[in-house]
Amino acid sequence: MANLRSQLRLFDNLNSLSLAAAELFVQSAARATVEHGRFLVALSGGTTPTELYELLAQLPYRAKIDWEHLHAFWGDERCVPIDDLENNYRQARDTLLSRVRLPSQNIHRIESGLEPDQAAEDYARVLKRFSTPPLDWPRFDLVLLGMGEDGHTASLFPGSEVNVSSPTLAVTAYYQNRPASRVTLTPVVFNSARRIIFLVSGESKSQTLANVLYGGHQPEQLPAQRIQPTDGELIWMVDQTAASKF
Ligand code: 6PG
C-alpha cells in the first residue's frame, strides 16, 4: 500500500461491496465520457464480480451509464468456447452485456476459440486500435480485477515472469478446476490505467490478501503486487471475511 493513490475500502459483505463498486463504475463511466468521449473498461472473470455485473444491468445503475460510449474489454480469458460456463466473455454477456443497450461493435472480447498464442497476438492488435500513443495499448479508464487464493490476478500466476513488455500473453496455469489455457493482459497495460479496482471477498483469500497488502514485496509469488498504476488510482474493495487477517 505504498502508493499514495492506493486506497483500501472495507465492506460488511459482498453485497455492500458490489453496490459500492457499481457506484464507482457509474462515476468512472461518466467522468471518462465527459473527459474524452468514451469509456474503456477491462472486465474481470471469476465469480466475485457477478453481483456487480447483475447490478449494473438493473435500475438505477443501468440508466446512469452511457452504453453507446462504453467499450468493454477483458483483462483475461479462459480458452474455451464462448458458450462454455467457464468463459469470461460469456459470464459478462449473460449477467450484463446482453441486458443493456451496448452496441455489439463496442464489445472487444478475447478470441477464446483460437490457439492461446494466436488469441494473445490478435488481442494485442485489438488493443493497438484503441491505443493511447506512445503506448501500444489504451489507457483504460477502469480495470476490474479479482484475486485468487494464491495471489494471482487476471491470468498472472505465481512463478510467471514479472517483467513482461508485451501487452498480452498466452498462459498455461492450473487453478482449482478452471481451464488452464488462458490469455491475459500484462502489468504494463494494467498499470497504465486511470483507475484499477480489485474486488476481493471470502475468508479463503484472507491470509494471501494480508500478505499482498502488508507483507514483503514478492511480486513473483504474489502477482497481485505487480499491479501498481504509474499514474492512476488503485482501489482495493474488500469484504470483512477477506480482511479478517489484517
Ligand atoms: C479468471 C480471472 C481471475 C479471477 C480470480 C478470482 O478468469 O479466472 O480473471 O484472475 O479474478 O481467480 O476469482 P474468483 O472471483 O472466482 O475468486
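Okay, a quick definition to kick off: a residue counts as near a molecule or strand if one of its heavy atoms lies within 4 Å of it. With that in hand, 16 residues surround the ligand here, and the ones that come nearest are Thr48, His152, Ala154, Arg178 and Lys205.

Before I go on, a word on where this comes from. It's a predicted model, so local features need pLDDT of at least 70, side-chain atom pairs count only at pLDDT 80 or more, and totals for chains, interfaces and linings use all residues. Residues are numbered from 1 along each chain as its sequence is written, and side-chain values use heavy atoms, with hydrogens and water left out.

Back to the ligand. What classes of residue make up its shell? There are 3 nonpolar, 8 polar and 5 charged residues. For the classes, Ala, Val, Leu, Ile, Met, Phe, Trp, Tyr, Cys and Pro are nonpolar, Asp, Glu, Lys and Arg are charged, and the others, Gly among them, are polar.

Now the polar contacts, meaning pairs of N or O atoms within 3.5 Å. Lys205 has a polar side-chain atom 2.5 Å from an oxygen atom of the ligand. For Asp76, a polar side-chain atom lies 2.7 Å from a ligand oxygen. Gly45 uses its backbone instead: an N or O atom there is 3.3 Å from an oxygen atom of the ligand. And how much of the ligand's area does the protein cover? On its own the ligand has 420 Å² of accessible area (Shrake-Rupley method, 1.4 Å probe), and the protein covers 97% of that.

Ala154, from that nearest group, is a bit of an oddity. This residue isn't a glycine, yet its phi is positive, about 45°. You'll find Ala154 in the loop between β5 and β6 (168–172); helices (H or I, at least four residues) and strands (E, at least two) are DSSP runs, numbered from the N terminus.

Let's move on to the cis peptide bonds. One joins Leu59 and Pro60, with omega about 5°, and Pro60 is in the loop between α2 (50–56) and β3. Another joins Pro133 and Pro134, omega again about 5°; Pro134 sits in the loop between α4 and β5.

Last up, aromatic pairs: rings of Phe, Tyr and Trp (its six-membered ring) with centres within 6.5 Å, stacked if the planes are under 30 degrees apart, edge-to-face if over 60, and tilted for the rest. The structure holds 7 of these pairs. One of them, Phe73 with Phe130, is edge-to-face, at 5.2 Å centre to centre and 85° between the planes. Phe73 is in strand β3 (residues 70–74) and Phe130 in the loop between α4 (116–129) and β5 (142–145), so this pair ties together parts 57 residues apart in sequence.

Terms used: A polar contact is a pair of N or O atoms within 3.5 Å; within protein, one must be able to donate a hydrogen and the other to accept it, and residues adjacent in sequence count only if both atoms are side-chain atoms.
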